[in-house]
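Here are some exercises to work through with the sequence and the structure side by side. Try each task before you read its solution.

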Amino acid sequence: MGVALEQAHLAASLGEVPVGAVVVVSGEVVAAAHNLRESTADPSAHAEVLALRAAGQVLGTWRLSEATLYVTLEPCAMCAGACVSARLGRLVYGAVDPKAGAVGSLYNLAADPRLNHEVPWVAGVRGPECAEVLEAFFAQRR
């Protein structure tokens with residue numbers, strides 16, 4: 001989660017919403033990313049999606065069943081769907097997102113038995129620290 005937090009700080013320095021994500025396989029970071037929606041004018045350029053894409057390229061497969069995704073904020077519906085589609089092995093997130101979270105808050109797409117894959121997940125890892133990065137960013141914007 002420390003590397004994901006570094007990515008979140010990098011995003012903030014670029015004027016992006018500070019969310020960072022890291023894909024780890026067998027204890028090794030294979031991909032790291034942060035939000036780039038503003039920089040790329042791409043609505044899908046969320047940290048999670050970018051990290052999953054990069055991991056797929058590095059690993060040579062879209063099936064990420066051996067991977068863990070660490071992300072500083074609870075994934076939205078798009079990102080939770082990407083985790084399910086990637087057959088992600090595990091998801092770990094920091095701050096809860098009561099307004100858009102789709103892995104426990106508003107929805108739980110990661111554990112919906114109607115979908116073709118369920119992603120085991122853990123919430124709240126370094127949660128207060130992850131939330132503080134977001135709170136500070138938005139406080140500056142107000």
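The exercises below go from confidence to the sheet, then to single residues, and the model they use is a predicted one.

**Exercise 1. Confidence**

Work out where in the protein confidence is lowest and where it is highest.

Solution. Start with the overall picture: the mean pLDDT of the protein is 98, and 100% of the residues reach at least 70. Then go element by element. Helix 5 sits at the bottom with a mean of 96, while strand 3 is at the top with 99.

**Exercise 2. Laying out the sheet**

Find the strand order of the sheet and say which strands are at the edges.

Solution. Follow the pairings and you get an open sheet of five strands, ordered 2-1-3-4-5, with mixed pairing. Strand 2 (28–34) and strand 5 (121–123) each pair on one side only, which makes them the edge strands. On average, neighbouring strands are turned by 15 degrees against each other, direction ignored.

Now take the pairs one at a time:

- Strand 1 (residues 20–25) and strand 2 run antiparallel and are joined by six bridges. Within this pair, valine 24 has valine 29 of strand 2 as its bridge partner.
- Strand 3 and strand 4 are parallel, with five bridges. Here leucine 69 is opposite leucine 91 in strand 4.
- Strand 4 and strand 5 are parallel too, with three bridges. Tyrosine 93 has alanine 123 in strand 5 as its bridge partner.

**Exercise 3. Strand 4 and the way into it**

Is strand 4 enclosed or open, and how does the chain get there from strand 3?

Solution. First count burial: five of the six residues of strand 4 (residues 90–95) are buried, so the strand is largely enclosed by the rest of the structure. Next, trace the chain. From strand 3 it passes through helix 4 (residues 77–85) to strand 4, in a right-handed β-α-β crossover.

**Exercise 4. Salt bridges**

How many salt bridges does a search of the whole structure find, and which residues form them?

Solution. The search turns up two. As background, side chains of opposite charge can pair when their charged atoms come close.

Take aspartate 112 and arginine 114: their closest N and O atoms are 2.6 Å apart. Check the surroundings with the cut-offs of under 20% for buried and over 50% for exposed. Aspartate 112, at 12% relative accessibility, is buried, whereas arginine 114, at 75%, is exposed.

Then take arginine 126 and glutamate 129, whose side chains meet at 2.9 Å, N to O. Arginine 126 is partly exposed at 38% relative accessibility, and glutamate 129 is partly exposed at 39%.

**Exercise 5. Two helix residues**

Buried or partly exposed: classify glutamine 7 and phenylalanine 138, then look at what lies around each.

Solution. Glutamine 7 belongs to helix 1 (residues 2–13). Its relative accessibility is 16%, and buried means under 20%, so glutamine 7 counts as buried. Set aside the neighbours within four places in sequence, and glutamine 7 is in contact with Gly20, Ala21, Ala32, Ala33 and His34.

Phenylalanine 138 is in helix 5 (residues 127–141). With a relative accessible area of 34%, phenylalanine 138 is partly exposed. To place it, use glutamate 16: the two are 122 residues apart along the chain, yet their C-alpha atoms are separated by 11 Å.

How values were computed:
Residues numbered from 1 in each chain as written. Predicted model: local features only at pLDDT ≥ 70, side-chain atom pairs only at ≥ 80, totals over all residues. Heavy atoms only, no water. Pairing = 2+ DSSP bridges. Helix = DSSP H or I, 4+ residues; strand = E, 2+ residues; numbered from the N terminus. Axes fitted to C-alpha atoms, helices over the stretch in contact; angles between N-to-C directions. Salt bridge = Lys/Arg side-chain N within 4 Å of Asp/Glu carboxyl O. Buried < 20%, exposed > 50% of the residue type's maximum accessible area, 1.4 Å probe, protein only. pLDDT = per-residue confidence, 0-100. Contact = heavy atoms within 4.5 Å. Right-handed = clockwise from strand over helix to strand, strands pointing away.
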